[in-house]
Amino acid sequence: MGSEPRLLVVDDDALIRDELEGLFASQPYQVNCAESVNEALDHLSEHEFALALVDVRIGGKDGIELTQRIRDRWPEVDVIMITGHGSIENAVEAMKRGAVDYITKPFQSEEILIATQKALDRRRMQEEIEYLRQQLQDRYSFANMVSRNAEMLEVFSTLEMLARNDVTVLITGESGTGKELASRAIHFQGKRKSGRFVAINCAALPENLLESELFGYERGAFTGAVTDRVGKIEHADGGTLFLDEVETISAPMQAKLLRVLEERAIERLGGNQKIDVDMRVVAATNENLEKLVEEGRMREDFYYRINVVPVHLPPLRERVEDIPLLVSEFLRNNPLAREKALNRLSEKAVNQLTAYEWPGNIRELSNVMERAILRAKGDTIREVDVPTGKMAERNAGPKLSYDLPLREYLKGAERDYLSRLLTKHQGGIAPCAKQASVDQATLHRKIKAHGLKANDYRQNGKGGEGR
Ligand SMILES: Nc1ncnc2c1ncn2[C@@H]1O[C@H](COP(=O)(O)OP(=O)(O)OP(=O)(O)O)[C@@H](O)[C@H]1O
Ligand SMILES: [Mg+2]
């Protein structure tokens, strides 16, 4: 659209057309006139209009019907209806069919100009809202990931930066935190997106199969190798190789992969020819690899080769502010939810979702929402089905009520705070004390006073004192 909004006047009365044309031409508007429905449609196909002023009767034809057609085919064009002789029924009908306003004949120039300005202002405001909504979307999302958590927003900008180069990336995070999604984002937002994204789950295959899967083989390399076969690494040439659950790779395989990463070339099993591969490598793990190196379960040289740039995805319980955002994303993208026009959650459902710890993170939230969508009646999700295990119980606690004396209230809040802190640091006293800015002895005393036990928050011996 040009800088001046374009208006369309549709009326079979030449006097009115001329009057309006003259009026609008004296203003910062462009204007076209039509004396019939067909002429109006021609104009509409040819130019981008901001607004149409349509007479209720056009050469025996129904202007209201034209209004409806305009709203259907050119929803961005607003319509003001011009109705004759104070016919209020026509005006009401026109508004029902999507006109934004109506003017009754005979009219004053001033009246027309005000109505036109009002309609254009409203439009501009709507465009502005749409623009802001878009911006918000852009700000809180990257590729298919959404988040409004500060740490995650930093992850997004890191991923965006990584997409632009070829450096090897190690993505860490608990199960279901979005590691695969993040690695896809790196690939599909980057210059290698026209190459393949080759994902290999290292845990899914026994060592010998993993090797032939990765490296491919030549005919006769082993019994059963009746044809040549291109491996995943070669497939990733020009693209990205995603090594999922990289911690499960055996030491001998680590050595072989290390050589590939260093030389950027492979030999197929049973082959003796070097084949160059130009690929970006992204590895993912939900283990602490540094610890595995310390324990001698991962080669140090391999670790350093894959851990060039680490990206950590925080668990969902550390970004509860993302739960509403994710839930609305799931509702928006779920066909059944759209069909059912599900767009609300009861307070109970919201409380359930935010009190739970989400050990399975976003994948678990997605599954819980899917079940809730299936069961929901009406436009509201009334409750969700989350496990009430040990984790959930100890955090739910009694609801703090304002009816309590202040001292009781504060006591409850302190217990709640400590419990969440212990959960976050998996019972580690040192990091809890640090975050709470108290010394460890004080923290110990408070935990004891509330009848909590740091040990209850430790998982299989992990998260001990020293963490
Ligand atoms: N930030 C996010 N926004 C929207 N959806 C997300 C986000 N993060 C993860 N998901 C969704 O959650 C699910 C799990 O993500 P993904 O498979 O990437 O996790 P993962 O860390 O690889 O899990 P695992 O360790 O179990 O393999 C997917 O359905 C994914 O689309
Ligand atoms: Mg995964």
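A residue is taken to be near a molecule or strand if its C-beta atom, placed from the backbone, lies within 6 Å of it. The structure is a predicted model, in which local features need pLDDT of at least 70, side-chain atom pairs count only at pLDDT 80 or more, and totals for chains, interfaces and linings use all residues. Residues are numbered from 1 along each chain as its sequence is written, while chains are lettered from A and ligands numbered from 1 in the order in which they are written.

Around ligand 1 there are 17 residues, of which Met145, Ser175, Gly178, Lys179 and Glu180 come nearest. Two or more residues of this shell are given by each of β9 (145-146), α7 (179-188), α13 (322-333) and α16 (361-375), where helices (H or I, at least four residues) and strands (E, at least two) are DSSP runs numbered from the N terminus. By class the shell has five nonpolar, eight polar and four charged residues; Ala, Val, Leu, Ile, Met, Phe, Trp, Tyr, Cys and Pro count as nonpolar, Asp, Glu, Lys and Arg as charged, and the others, Gly among them, as polar.

The chain is divided into domain 1 (6-136), domain 2 (147-312), domain 3 (316-389) and domain 4 (397-457), with bounds that come from an automatic or database domain assignment. Domain 2 and domain 3 each supply at least three residues to the shell around ligand 1, and the centres of domain 1 and domain 4, taken over C-alpha atoms, are separated by 64 Å.

The axes of α13 and α16, two of the elements that contribute to the ligand shell, come within 10 Å and cross at roughly 50°. Axes here are lines fitted to C-alpha atoms, for helices over the stretch in contact, and angles run from 0 to 180 degrees between N-to-C directions.

Two residues that are not glycines nevertheless have a positive phi, glutamine 426 and serine 437. Their exposure follows from the number of other C-beta atoms within 10 Å of their own: buried if 20 or more, exposed if 12 or fewer, and partly exposed in between, with C-beta atoms placed from the backbone.

| Residue | Phi | Loop between | Other C-beta atoms within 10 Å | Class |
|---|---|---|---|---|
| Glutamine 426 | about 45° | α18 (406-424) and α19 (429-436) | 16 | partly exposed |
| Serine 437 | about 55° | α19 and α20 (440-449) | 7 | exposed |

A further backbone feature is the cis peptide bond that joins lysine 105 and proline 106, with omega about -5°; proline 106 lies in the loop between β7 (101-104) and α5 (109-139).
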